[in-house]
Amino acid sequence: MILGNYGMLVAILEVETAESISEKQAESWKALSGLGEKLILMIPKDMKFKVTELLWAKGLMDKVSIGTYEVSINMP
């Protein structure tokens, strides 16, 4: 997702699932973070430790912001 304001690129937002988080995907994050805009990763709440480790290993911790999400379904 591209976040913009008044025609200007503000940030790139990427939503990941538990299945998509991997070393290979971290290489994609490296490419996206090199575009010059802020990269924001939205990840499952329970994957924060793994993603943080990958970001440190790839030298991206200072270039990427992390947001978490949790899906909760309540049925009557």
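Lys-50 lies in helix α2 of this predicted model. At 37% relative accessibility, Lys-50 counts as partly exposed, because buried means under 20% and exposed means over 50%. Lys-50 is twelve residues away from Lys-38 in sequence, and their C-alpha atoms are 20 Å apart in space. From this residue the report turns to the whole chain, and then to its helices, its core and its surface.

**The chain as a whole**

The protein chain contains two helices and four strands. Read from the N terminus, these elements follow the order β-β-α-β-α-β. Along the principal axes, the C-alpha atoms fill a box of roughly 45 × 35 × 15 Å. The chain has 76 residues, of which 32% count as buried. Its accessible surface comes to about 5,300 Å², and carbon and sulfur atoms account for 59% of that surface. Among contacts with a separation of 6 or more, 62% are between residues 24 or more positions apart.

**The two helices**

Which residues of α2 are buried? They are Val-51, Thr-52, Leu-54 and Leu-55. These residues lie on the same side of α2, because they cover an arc of only 160° around the axis. The general geometry of a helix helps in reading this pattern: an α-helix has 3.6 residues a turn, so residues three or four places apart point the same way. The buried residues of α2 pack against α1, β3 (38–44) and β4. On the face turned away from the buried side, α2 carries the exposed residues Phe-49, Trp-56 and Ala-57. Just after α2, Gly-59 takes a positive phi of about 70°.

Helix α1 can be described in the same terms. Its buried residues are Gln-25, Ala-26, Trp-29, Leu-32 and Ser-33. Seen down the axis of α1, they fall within an arc of 110°, so they line one face of the helix. The cover over these buried residues includes β2 (8–15), β3, α2 and β4. The exposed residues Lys-24 and Ala-31 are carried on the face of α1 turned away from its buried side.

**The nonpolar core**

In soluble globular proteins, nonpolar side chains tend to be buried together. In this model, the largest nonpolar core has 14 residues. Which of its residues touch the most other members? They are Ile-21, Trp-29, Leu-39, Leu-41, Val-51, Leu-55 and Val-64. At least two residues of this core come from each of α1, β3 and α2.

Trp-29, one of the buried residues of α1, illustrates how such a residue is surrounded. Leaving aside residues up to four places away in sequence, Trp-29 touches Glu-14, Glu-16, Ile-21, Leu-39, Leu-41, Val-51, Leu-54, Leu-55 and Leu-60. Among these neighbours, Val-51, Leu-54 and Leu-55 are buried residues of α2.

**Salt bridges**

How many salt bridges does a search of the whole structure find? The search finds two, and they are set out in the table below.

| Salt bridge | Closest N and O atoms |
|---|---|
| Glu-23 with Lys-58 | 3.4 Å apart |
| Glu-27 with Lys-58 | 2.6 Å apart |

Together, Glu-23, Glu-27 and Lys-58 are linked in a network of salt bridges. The bridge from Glu-23 to Lys-58 links distant parts of the chain, since Glu-23 is in helix α1 (residues 23–33) and Lys-58 is in the loop between α2 (48–57) and β4, 35 residues apart. Glu-27 also lies in helix α1, so its pair with Lys-58 ties together parts that are 31 residues apart in sequence. Glu-23 is partly exposed, with a relative accessible area of 47%. Glu-27, at 39% relative accessibility, counts as partly exposed as well.

**A nonpolar patch on the surface**

Some nonpolar residues are found on the surface instead. Val-71, Ile-73 and Met-75 form a nonpolar patch there, with about 400 Å² of accessible area together. Ile-73 lies in the segment after β4 (64–69). Is Ile-73 buried or exposed? Ile-73 is exposed, because its relative accessible area of 66% is over 50%.

Definitions and conventions:
Residues are numbered from 1 along each chain as its sequence is written. This is a predicted model: local features need pLDDT of at least 70, side-chain atom pairs count only at pLDDT 80 or more; totals for chains, interfaces and linings use all residues. Side-chain values use heavy atoms; hydrogens and water are left out. Patches are made of residues with over 30% relative accessible area and no salt bridge: like charges are joined within 9 Å, nonpolar side chains (Val, Leu, Ile, Met, Phe, Trp, Tyr) within 5 Å. Accessible areas come from the Shrake-Rupley method with a 1.4 Å probe; for residues, only the protein chains shown count as cover. A salt bridge is a side-chain nitrogen of Lys or Arg within 4 Å of a carboxyl oxygen of Asp or Glu. Buried means under 20% relative accessible area, exposed over 50%, partly exposed in between (1.4 Å probe, protein chains only). The arc is that of the directions from the helix axis to the C-beta atoms. Contact means heavy atoms within 4.5 Å. A nonpolar core is a set of buried Ala, Val, Leu, Ile, Met, Phe, Trp, Tyr and Cys residues joined through side-chain atoms within 4.5 Å.
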